[in-house]
Amino acid sequence: MPRYNFTRDDIVYPDEFDAFIAKLPNLLLKALACLLYLTGCRISEALALTWQNIGVSEDPPGLLLSIPTLKKRAKGPVRPRREIVIPSSSKYFPVLIDYLKIAPKSGLFPVSRDYVRLAFRATGFPITPHILRHSRLTLMARQGADIASLLALHGGEGRALMKYTHEKRVIIN
């Protein structure tokens with residue numbers, strides 16, 4: 001297995017992510033990691049998901065997630081939920097579907113943030129839920145995603161988007 005040397009500003013590329021999820025000990029953690037990597041949502045948002053937040057998308061076909069924005073703001077309006085589609089064509093879609101077949105009827109991911117952090121650390125990869133969030137947004141920015149899409153996925157303000165994407169060229173009007 002190749003050695004991956006991450007720094008704070010590094011992102012996780014698909015081949016690195018494949019090696020990482022192969023080391024996770026159970027389907028719950030693999031599905032959670034895939035969800036974080038595919039959506040760029042915060043760990044608190046992923047852990048708060050319930051069956052009411054999941055639907056089916058017709059176009060494109062896949063899972064429709066209604067992600068509640070849980071980040072507290074000192075001022076300003078409360079942010080609305082973000083609607084994110086995970087297309088069925090995604091490489092990691094089957095992992096999510098396999099988990100949903102056995103997921104509990106209450107919260108989808110009945111684990112704590114600490115459990116997730118410890119399990120991620122035990123893989124030997126320096127990957128955290130937050131690095132997966134940065135990775136999604138950075139990869140999208142580098143593939144030419146428009147600012148509106150990035151802001152919708154990020155669920156935050158434009159100025160913070162540059163920090164998350166590690167891109168100096170992102171221009172917010």
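How are α2 and α5 oriented to each other? I will start there and then go round the other neighbours of α2. Keep in mind that this is a predicted model.

Helix α5 covers residues 113-122. The axes of α2 and α5 come within 11 Å and cross at roughly 95°. An angle from 65 to 115 degrees counts as roughly perpendicular, and α2 and α5 are therefore roughly perpendicular to each other. On the α2 side, the residues in this contact are L29, L32, A33 and L36. Facing them from α5 are Y115, V116, A119 and F120. Sorted by class, that contact has eight nonpolar residues, no polar ones and no charged ones.

Next, helix α1, which is residues 14-23. The axes of α1 and α2 come within 10 Å, with a crossing angle of roughly 160°. That makes α1 roughly antiparallel to α2. As for handedness, α1 passes α2 in a right-handed crossing. From α1, the residues that take part are P14, F17, F20, I21 and A22, and they meet K30, A33, C34 and Y37 of α2. The contact of α1 with α2 has eight nonpolar residues, no polar residues and one charged residue. A33 is worth finding on the model, since A33 is listed in the contact with α1 and also in the contact with α5.

The third neighbour is α4, residues 93-102. Here the axes of α2 and α4 come within 9 Å and cross at roughly 130°. That makes α2 oblique to α4. The crossing of these two helices is left-handed. From α2 the list is L27, L28, K30, A31, C34, L35 and L38, and from α4 it is V95, L96, D98, Y99 and I102. By class, this contact has 10 nonpolar, no polar and two charged residues. K30 and C34 appear in this contact as well as in the one with α1.

Now the cavity. How many cavities of 30 Å³ or more does the structure hold? It holds one, and its volume is about 70 Å³. The residues that line the cavity are A31, L35, L49, I54, L63, L65, I86, L96, Y99, L100, L108 and F109. Among these, A31, L35, L96 and Y99 are also in the contact of α2 with α4. By element, α2 (27-39), β2 (62-67) and α4 each supply at least two lining residues. The largest share comes from α4, with three residues. And what classes are in the lining? There are 12 nonpolar residues, with no polar and no charged ones.

One last item, away from the helices. The peptide bond that joins D59 and P60 is cis, with omega at about 0°. P60 sits in the loop between β1 (54-57) and β2. On the model, then, that loop leads to β2, which is one of the elements that supply the cavity lining.

To recap on α2: it is roughly perpendicular to α5, roughly antiparallel to α1 and oblique to α4. That is all I have.

Definitions and conventions
Residues numbered from 1 in each chain as written. Predicted model: local features only at pLDDT ≥ 70, side-chain atom pairs only at ≥ 80, totals over all residues. Heavy atoms only, no water. 1 Å grid on protein atoms, 1.4 Å probe; cavity = no way out; pocket = protein on both sides within 12 Å on 5 of 7 lines; lining within 4 Å. Points joined across faces, edges and corners; volume = space filled by probe spheres on them. Helix = DSSP H or I, 4+ residues; strand = E, 2+ residues; numbered from the N terminus. Nonpolar A, V, L, I, M, F, W, Y, C, P; charged D, E, K, R; others polar. Axes fitted to C-alpha atoms, helices over the stretch in contact; angles between N-to-C directions. Parallel < 35°, antiparallel > 145°, perpendicular 65-115°, else oblique. Contact = heavy atoms within 4.5 Å. Left-handed = near helix turned anticlockwise from the far one by under 90°.
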